[in-house]
Amino acid sequence: MTNYRYYTGSLFVRELERLKEEYIQLELDDMKRMVEEDILLLEKAVNMLSMNTIS
């Protein structure tokens with residue numbers, strides 16, 4: 001006789017682990033995009049400052 005409670009419980013735990021890994025990856029991707037945007041803004045600010053000091 002199959003113990004269905006254990007089977008569905010282990011599937012549930014595996015699904016939670018899979019979702020957690022995807023969530024962690026999503027967070028890293030979001031952080032990477034935010035850092036890239038911040039770098040672009042800093043580069044623009046440095047360019048504007050250097051243009052203002054040269055003029």
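A salt bridge here is a side-chain nitrogen of Lys or Arg within 4 Å of a carboxyl oxygen of Asp or Glu. Keep in mind that this is a predicted model. With that rule in hand, the count comes to four salt bridges.

Let's start with Arg18. Its partner Glu22 comes in with the closest N and O atoms 2.5 Å apart. The two are four residues apart in helix α1, so about one helical turn separates them. Glu22 is partly exposed, at 45% relative accessibility, and Arg18 also counts as partly exposed, at 36%.

Arg18 has another partner, too: its side chain meets that of Glu15 in a salt bridge, 2.4 Å from N to O. Glu15 and Arg18 sit three residues apart in helix α1, again about one turn. At 34% relative accessibility, Glu15 is partly exposed. Put these contacts together and you get one network, with Glu15, Arg18 and Glu22 joined by salt bridges that share partners.

Along the helix there's also a salt bridge between Lys20 and Glu17, with N to O at 3.7 Å. This pair lies in helix α1 as well, three residues apart, or about one turn. Lys20 has a relative accessible area of 44%, so it is partly exposed; Glu17, at 38%, is partly exposed as well.

Now for something without charges. Tyr23, Ile24, Leu26, Leu28 and Met31 make a nonpolar surface patch of about 500 Å². Take Leu26, one of the patch members: it lies in helix α1, which covers residues 4–54. Leu26 counts as partly exposed because its relative accessibility is 47%, and partly exposed runs between 20% and 50%.

Conventions
Residues numbered from 1 in each chain as written. Predicted model: local features only at pLDDT ≥ 70, side-chain atom pairs only at ≥ 80, totals over all residues. Heavy atoms only, no water. Patch = residues over 30% accessible without salt bridge, like charges linked within 9 Å, V, L, I, M, F, W, Y side chains within 5 Å. Areas by Shrake-Rupley, 256 points an atom, 1.4 Å probe, with all protein chains shown as cover. Buried < 20%, exposed > 50% of the residue type's maximum accessible area, 1.4 Å probe, protein only.
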